[in-house]
Amino acid sequence: MGRRRTPELYRAPFPLYALRVDPSAGLLIAAGGGGAAKTGIKNGVHFLQLEQINGRLSASLLHSHDTETRATMNLALAGNILAAGQDAHCQLLRFQIHQQKGKNKAEKAGSKEQGPRQRKGAAPAEKKSGAETHQEGVEFSVENLHEVQTDFSRDPLQKVVCFNHDNTLLATGGTDGCVRVWKVPTLEKVLEFKAHEGEIEDLALGPDGKLVTVGWDLKASVWQKDQLVTQLHWQENGPTFSNTPYRYQACRFGQVPDQPAGLRLFTVQIPHKRLRQPPPCYLTAWDASTFLPLRTRPCGHEVISCLSVSESGTFLGLGTVTGSVAIYIAFSLQRLYYVKEAHGIVVTDVAFLPEKGRGPELLGSHETALFSVAVDSRCQLHLLPSRRESLRWGLLFTTTPRFLNSPCC
C-alpha cells in the first residue's frame, strides 16, 4: 500500500515556520522566510482565505505582507493583532479586512477550482512585492503597531510568544532563558525574570495568570508572576529510562470538553540526546490546578517538534522533526490519525481549525481539521472524519469483506 497523501493547501515562496487561524474571517496566517542572508528568498506573512468549494476546504492567497530582512519564526494571534517573533524582536501587526460593496461573494462559490489557487489577474505569489491584496472586491491592510527587543543573549532569538486569556498581556521567551511580559498594544514591559538556565523552548499562559515554561535545562516550571509555584515531575512519576534524560519540548493549556471551568496542561517529553536506538517520546496530561500528572503515553520514536490543542480541548496535534503529523484524543492520549513524513522535513508548526466563527462552516462533515507547515514551504491539510462516519465504515469493513475486496471495487 502506498504512503497516505495529504492535501497541499498552499505553497509559499519561502520556508514556513509559524501558523495561526483567524476563525472570525476564516483566515489561515502562515509566516516564515529566508532571513537576512542575501539568497533571494523573501520574508513575509501570508494571509490565506479559507473556503469550502465543491465540498472541499481550499485556501487562496489574499494578502502578502513583506517583513523585509527578518523571517517570522513564531506567531501569536489575538483578534486582529499578530505578535510576530523576528530574530531578537517581537513586532505587533494589526490587520483589517473589508469586503467592498457591490461584490457578490457567492459568485466564486460555483468555481470548480480546488487546492491552492490564485485569483484571476493576480501574479504568482513569488512575483508579488509582498504587500498586495490578491482578491477582487476585498480591501486588506496590515499596520505595524509596535516593536520591541525581547531577547538579549549573545546570539539573541525569540523562540516563543503567547497572549494571556484576555489579550491584554504578551509573554515572550528565548535563548537567554528569561521570560518577559509586555502590555498590549504598547509593548511596555511589566515583568522580567530568569526562568531557565539556557534556552526557553516553550511557554503557556493559563486563564488564572499562571505561566508554565519549559527549557533546555530539562525543567518545566509553573510561575505566578515571577514566583516559582512548583515544578513538573514527569520523569520521577512516569515511565522512564534511568540512563536517558528527557526534556520538555512543548506545553499547552487546554479546556476540558463539556466542563467550562475545567483545564488541563499538556506536555511533550523528548530524549535530550539523540541515540542510535532512540527511546519513545511521551505525551502527558496534567491537572492544571495541582499540576500532578493524570496520564502519560508514548507517542512514537520520531522526535516531536510541535504541539497544538484544539479550541474545545478535544484533540491534540503533533508534528515531528521527520515531517510526520498526528492527531490524538486529548482525554485518553490515543492516536486517531497519523501520516508518516507528510512533509519529509521538520514540521515547524501545527494549528487546528477553531470551532467558533466560520470554523463549523469550513469544517463541513469532518470531526476536526489540522493544518501543518514545514521548512519545505508547504501548508498541508489533515482532516479527521467524523467518528460516526468512521464507525460506519469500520462496521462495513468488518461485515462485508468480500464486497470490499471484489474486483469491481
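Guide: Let's begin with a term we will need: a residue is buried under 20% relative accessible area, exposed over 50%, and partly exposed in between. Arg94, at 26% relative accessibility, therefore counts as partly exposed. Keep in mind that this is a predicted model.

Visitor: Thanks! Before we go into single residues, how many helices and strands does the protein have?

Guide: There are 4 helices and 29 strands. Of the 409 residues, 52% are buried. The protein exposes about 19400 Å², with carbon and sulfur atoms supplying 51% of that area.

Visitor: What share of the contacts with a separation of 6 or more comes from residues 24 or more positions apart?

Guide: Such pairs account for 52% of those contacts. We can look at a loop for one example of residues brought together in space. Pro278 sits in the loop between β20 (259–271) and β21 (282–287). Its C-alpha is 6.3 Å from that of His301, although the two are 23 residues apart in sequence. With 35% relative accessibility, Pro278 counts as partly exposed.

Visitor: Now to the interior. Which residues touch the most other members of the largest nonpolar core?

Guide: That core has 23 residues, and those with the most contacts to other members are Leu9, Leu28, Leu50, Leu353 and Phe371. Among the elements that give two or more residues to this core are β1 (8–11), β3 (27–33), β4 (43–53), α2 (359–363) and β28 (366–374). A second, separate core holds 18 residues, including Ile304, Leu307, Leu316 and Ala330.

Visitor: How should I read the cysteines, and how many disulfides are there?

Guide: The general idea is that a disulfide is a covalent bond between the sulfur atoms of two cysteines. To count a pair in a model, we ask for sulfur atoms within 2.5 Å. Here the count is 0 disulfides. Take Cys251: the nearest cysteine sulfur belongs to Cys162 and is 8.3 Å away, so Cys251 is in no disulfide.

Visitor: Is Cys251 buried or exposed?

Guide: Cys251 has 0% relative accessibility, so it counts as buried. Cys379 is likewise buried, at 0% relative accessibility.

Visitor: Let's turn to charges. How many salt bridges are there?

Guide: The rule here looks for a side-chain nitrogen of Lys or Arg within 4 Å of a carboxyl oxygen of Asp or Glu. By that rule there are 16 salt bridges. In one of them, Glu147 pairs with Arg70, and the closest N and O atoms are 2.9 Å apart.

Visitor: Why does the pair of Glu147 and Arg70 tie together separate parts of the sequence?

Guide: Glu147 lies in strand β10 (residues 138–149) and Arg70 in the loop between β5 and β6 (74–78), so the bridge ties together parts that are 77 residues apart in sequence. The two partners also fall into separate burial classes: Glu147 is partly exposed at 38% relative accessibility, whereas Arg70 is buried at 17%.

Visitor: And what about Arg94, the residue you opened with?

Guide: Arg94 meets Glu143 in a salt bridge with an N to O distance of 3.4 Å. Arg94 is in strand β8 (residues 89–99) and Glu143 in strand β10, so to speak a link between distant parts of the chain, 49 residues apart. Glu143 counts as partly exposed, at 40% relative accessibility.

Visitor: Which residues do salt bridges with shared partners join into one network?

Guide: That network consists of Glu8, Arg11, Asp376 and Arg378. For another salt bridge, look at Arg358 and Glu361, whose closest N and O atoms are 2.8 Å apart. Arg358 is buried, with 14% relative accessibility.

Conventions. Residues are numbered from 1 along each chain as its sequence is written. This is a predicted model: local features need pLDDT of at least 70, side-chain atom pairs count only at pLDDT 80 or more; totals for chains, interfaces and linings use all residues. Side-chain values use heavy atoms; hydrogens and water are left out. Buried means under 20% relative accessible area, exposed over 50%, partly exposed in between (1.4 Å probe, protein chains only). Contact means heavy atoms within 4.5 Å. Accessible areas come from the Shrake-Rupley method with a 1.4 Å probe; for residues, only the protein chains shown count as cover. A nonpolar core is a set of buried Ala, Val, Leu, Ile, Met, Phe, Trp, Tyr and Cys residues joined through side-chain atoms within 4.5 Å.
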